[in-house]
Amino acid sequence: MKKLWGFFKKEIIGLIRDPVLLIAVMVMPAVQLILYSGAITLEANNLRLAVDVAPGDFVMEKVYNHAIGSGWFIRADASVRDPVAAVQSGAADVAIVAPAGGLTRSIARGDGQIQILIDSMNILKAQSIEGYLQGIVLSAVGESGYVLPASPIKFDLRILFNPELNTKWFIVPSLIAILVFLSLLILITISITKEKETGTIETLVSAPISKYDIILGKVLPYIAVTFIIMMSIVAIGLMVYKIPFVGSWTLFIIGFFVFCVPASGISVLLANYTKTQQQALLGVVIVAFLALMLSGAIIPTENMPRVLQYISYSNPLSHYAYMVRNLMLKGNDIAYFTRQCMVMLCGGAIIWFIAIKKFKTTL
């Protein structure tokens with residue numbers, strides 16, 4: 001125990017003595033959470049709208065005014081008069097084209113139709129435009145005094161766990177999991193690789209201590225540091241973005257330490273194959289990018305091909321991101337929590353077995 005405490009003090013003191021690394025480790029995750037939460041959004045806003053309005057077509061004018069007033073759309077460049085050409089040239093994201101004679105006359109004849117041209121280079125934006133305009137057109141036509149055919153089915157729609165459909169409620173929990181993983185990966189990998197690059201690893205492996213003491217001495221201090229980082233960015237998410245936390249703090253903390261098992265194992269395994277800090281940073285970028293893309297934290301795994309879904313099931317970050325989101329937004333589902341923890345522990349055991357086997361204790 002004294003050996004581990006000595007390692008612990010050595011790593012913490014080394015971190016404190018490096019002000020650049022200390023700021024990068026303790027401050028940057030909070031900055032990243034704030035910046036990414038504001039920058040990453042699944043909502044489409046400031047959509048440039050072009051409309052072909054014939055003289056006297058007050059229904060189309062009302063549709064246009066409703067769209068601009070909704071806050072989702074802005075006026076497209078007026079210099080391009082043809083709405084089709086506006087979308088073609090990139091001056092507009094969407095164009096609404098009325099039928100011959102105008103939308104008002106078309107509705108009066110009983111065959112009201114409009115053509116909506118959407119730039120689908122961005123599929124998420126295109127899907128949002130379609131949903132926005134459907135509601136806007138129906139509202140504008142109804143306010144104009146025209147009776148729309150009633151649907152034979154009425155829907156009683158209830159939005160659970162995110163009633164405001166706020167993108168940040170999805171993004172922030174995911175970013176918490178991502179930043180925790182990045183902190184562990186960077187700190188542990190760089191710490192071990194730094195010992196190799198400076199030659200001090202030779203002193204450690206020649207000392208009368210086992211490789212388990214060396215590994216734990218390198219891992220445990222940074223798990224403690226990452227725990228502080230996690231709590232700070234969770235506090236920012238709760239206070240700045242008003243993210244709800246309906247689950248158990250006890251389960252949340254237990255889930256963090258369970259995730260540390262595979263995450264720290266990946267860090268040690270990566271450090272076995274790097275000799276310089278530049279190599280370590282390159283390895284961190286590659287591993288972090290692959291883990292992020294196949295985690296479901298940003299891109300839902302359900303949308304991936306079946307082969308990639310199977311790969312994502314073996315990704316510890318995938319299980320941790322879903323666990324964090326589930327605890328914060330849904331609450332305590334013990335069965336779900338236990339299942340995710342067991343998968344991470346089993347995966348962590350395999351990773352640690354390989355990492356310890358690869359860890360060299362000879363000069």
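This note goes through the sheet, the salt bridges and two buried helix positions of a predicted model.

1. The sheet. Four strands make up an open sheet with mixed pairing, and their order is E2-E1-E3-E4. Strand E2 (73–75) and strand E4 stand at the edges; each has a single partner strand, so one side of each is left without a neighbour in the sheet. On average, neighbouring strands of this sheet are turned by 30° against each other, direction ignored.

2. Pairing around E3. Strand E1 (residues 47–52) pairs with E3 in the parallel sense, over 4 bridges. Between E3 and strand E4 (residues 115–118) the sense is antiparallel, again with 4 bridges. Taken together, the parallel pairing of E1 with E3 and the antiparallel pairing of E3 with E4 fit the description of the sheet as mixed.

3. Register and side chains of E3. On the E1 side, Val51 stands opposite Ile96 of E3. Towards E4, Ala95 stands opposite Leu117, and Val97 has Gln115 as its bridge partner. Within strand E3 (residues 94–97), Val94 and Ile96 point one way, while Ala95 and Val97 point the other way. Are these residues buried or exposed? All of them are buried.

4. Salt bridges. How many salt bridges does a search of the whole structure find? The search finds 2. They are taken in turn in the next two points.

5. Arg48 and Asp93. Arg48 forms a salt bridge with Asp93, and the closest N and O atoms are 3.0 Å apart. Arg48 lies in strand E1, whereas Asp93 lies in the loop between helix H5 (83–89) and E3; the pair therefore ties together parts that are 45 residues apart in sequence. Arg48 has a relative accessible area of 28% and is partly exposed. Asp93 has a relative accessible area of 6%, which is under the 20% limit, so Asp93 counts as buried.

6. Glu195 and Lys218. The other salt bridge is formed by Glu195 with Lys218, with the closest N and O atoms 2.4 Å apart. Glu195 belongs to helix H8 (residues 167–198) and Lys218 to helix H10 (residues 211–240), so this pair ties together parts that are 23 residues apart in sequence. Glu195 is buried, at 7% relative accessibility. Lys218 is buried as well, with a relative accessible area of 3%.

7. Phe252. This residue is found in helix H11 (residues 249–271). At 1% relative accessibility, Phe252 counts as buried. Which residues are in contact with Phe252, leaving aside its neighbours within four places in sequence? They are Met230, Val234, Phe245, Val324, Leu327 and Met328. Phe252 and Met323 are 71 residues apart in sequence, and the C-alpha to C-alpha separation is 8.5 Å.

8. Ser267. Helix H11 also holds Ser267. Ser267 is buried, and its relative accessible area is 0%. Not counting residues up to four places away in sequence, Ser267 touches Leu184, Leu185, Ile188 and Thr189. Helix H8 spans residues 167–198, and the four residues touched by Ser267 carry numbers within that range.

Key:
Residues numbered from 1 in each chain as written. Predicted model: local features only at pLDDT ≥ 70, side-chain atom pairs only at ≥ 80, totals over all residues. Heavy atoms only, no water. Buried < 20%, exposed > 50% of the residue type's maximum accessible area, 1.4 Å probe, protein only. Helix = DSSP H or I, 4+ residues; strand = E, 2+ residues; numbered from the N terminus. Pairing = 2+ DSSP bridges. Contact = heavy atoms within 4.5 Å. Axes fitted to C-alpha atoms, helices over the stretch in contact; angles between N-to-C directions. Salt bridge = Lys/Arg side-chain N within 4 Å of Asp/Glu carboxyl O.
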